[in-house]
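This report introduces a structure to a reader who has not met it before. Please look over the sequence and the model before reading on.

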Amino acid sequence: MSEVAVEFDHVWKKFRRGEIHDSLRDLIPSLGRALFAKNKQKELQQQEFWAIQDVSFQIPRGKAMGVIGPNGAGKSTILKLLSGILRPNSGKATVRGRISAVIEVGAGFHPDLTGRENIYLNATILGMKRGEIDRKFDEIVAFSGIGDFIDTPVKRYSSGMYARLGFSVAAHVDPEVLLVDEVLSVGDMRFQERCLQKMHSIVESGTTVIFISHNLAAINTLCPNSIFLAHGQIQRMGPSEEVIQVYIGSVQDDDQVVAKDAPIWGIKLVDEKGEALNRLHPGGQGFLRFKLRSDLSLKDYLLGLIIQRASDGLTVCDYNLPLDSVSASPKPADGLQCTLRFDANLLRGAYTAQLHLYHFPSAKHLIRIRNAAFFSVEETISWDGVAHLSPVLTFGDNGQ
Amino acid sequence: MVKMVSELVQYRDLLYMLTWRDIKIRYKQSVMGFLWAILMPTLIVGSGILVRFAFSMNSGQPLSMADIASVSLKSLPWAFFVSATRFSTNSLLGNQNLVTKIYFPREVFPLAAVLASLFDFVIASGVVVAFLVYAKVGVSVQLLWLPLLLLLLIFFTAGLGMFLACANLFYRDVKYLVDVFVTFGIFFTPVFYDARMLGKWAPFVLINPIGTILEAMNDVVVFHRSPDFAWLAYAVGWAVLGFLGSWKIFSSAEASFAESI
């Protein structure tokens, strides 16, 4: 392995809840407090909390690292610490090489300046030299697709145009270390596709990249390794696919609390022997067992099953199964035991199952359980893809 | 200190761009355009001449061309000082988005604000120079002091600007204090009058380093005599120590800008 480009060494960072003094009148009491209570760096004062707690990681030069986690986990704080906007209370954040941080697309644009002027301004702010900007100017404009509007003040731009121009500038800075915070969510679908391609080529050109995104598929394809961050701590670090699975698994834990009087409860994924299951093989079967409230007029409902690939949210299937056939059966008071069998004709990856009850007379969902079950499929034949089509290779004239 | 300077040199493109932006924005979508640069000095000169006229009516001595030349000469650096101080005080808060989103040395903000005001100063000084030529104040070797005096003015203002920008970030009311001080500051500074008119009380207005610098400019340009060396040394002390001290305070507070703003 080569040299380390980005290093986080036992970093701690605290923030304050509530308001801080900000008029001169408050200065005297706060100075008094500061004198009497020596503020110890590693202790929390009232109203303070740790935004980053003892986080350490290293990124070798030329590698990309993804950072995922729920809102407020401290992802952006990590970028701000690395870029020098914030300084750690303890520990060290080091970046070796010319760094460019895109924390917000188009930060630093001035509404009264034209697109052309803002390109120069923003590129300089992001660390480009004048000659470089002159050289890349046409490329930036072409990428943004702004065209004839380049000499219009950006306050007249649509928000999509604004963001596109912002991303174009940021993408052409060409640093050694690039920090990117959720920039793929700008623009229309075509532009997002272009952004993703651009990110790929940046990674391939040997730039060290830290990439924060909620787009798990993008993380999975761009970054070999990822960090899952929650509550300011690293929950998991390692190969992206594995980290993403852990992340999705954690979301499931939070979500699957379904109230007692809910129409569906007690969901379990089991095998044919009724034993709990979280690993399947292509060709195998999964049994989703759950209880259904029996006092509903079931003929008005459809039971929905959606299976999605965890790494990118791709919907593998979306079924709506009518429930009218169960209407004749007895109605036990503690709920009707149901079993939903499905074939796991899937390729390797992590998947989540979603269940919902759809009431079609009112066109409403009665309940929707996003992470009803979580399983991974293991197999060794395929390279990539979703569906397992059981390919068989035969030789000779009468191959069937 | 060496590190701070070299970092600033590294970001000189940025300083240039931000200065350019500040100038550009001021003149965009404005009725008066570049006349803005001349408006404030003109108003100050006008009121100065009126005050001087009142003095002369009172004392019985006619208003001389030299008096008018003094007032116009001193109004210009004062206008620069006022606009640069106001503008740089607000420079960090006005760029909140950049302070919290992108890293570069934050000194660039107040310095760009001072440089943008300097641009106005240069435009307006064209007018004043033309007037001084018309008023036949003449030239002498003493004019060689002028570049030094201008540097003192710029460094003192830049130092004050950095300090106030920093203070305003932590305490929002600093901006209003600055407004009040620069509005009434003109009465405590020898702009409309000369320090010598106060007789033995002259040091009272010369303690203010801007007053010292303005008087020195008046000495070398209008009266063609060398400035008072003791007071000059005093002004140099303020400019140099003030600038370095403010920079030091600024850069040690810089770490907490993004979270305190």
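Is K136(B) buried or exposed?

## Two residues with positive phi

K136(B) is exposed, with 9 other C-beta atoms within 10 Å. A residue counts as exposed if 12 or fewer other C-beta atoms lie within 10 Å of its own, as buried if 20 or more do, and as partly exposed in between, with C-beta atoms placed from the backbone. Although it is not a glycine, K136(B) has a positive phi near 55 degrees; the loop that holds it runs between α7 (108–134) and α8 (146–170) of chain B.

In chain A, S390(A) is not a glycine either, and its phi is positive at about 45 degrees. S390(A) lies in the segment after β17 (364–377) and is exposed, with 9 other C-beta atoms within 10 Å.

## Basis of the model

This is a predicted model, in which local features need pLDDT of at least 70 and side-chain atom pairs count only at pLDDT 80 or more, while totals for chains, interfaces and linings use all residues. Residues are numbered from 1 along each chain as its sequence is written, and chains are lettered from A and ligands numbered from 1 in the order in which they are written.

## A helix of chain B

Helices (H or I, at least four residues) and strands (E, at least two) are DSSP runs, numbered from the N terminus. Helix α11 of chain B covers residues 209–221. Of its 13 residues, 13 are buried, so α11(B) is largely enclosed by the rest of the structure.

Definitions and conventions
Expected span 1.5 Å × (residues − 1).
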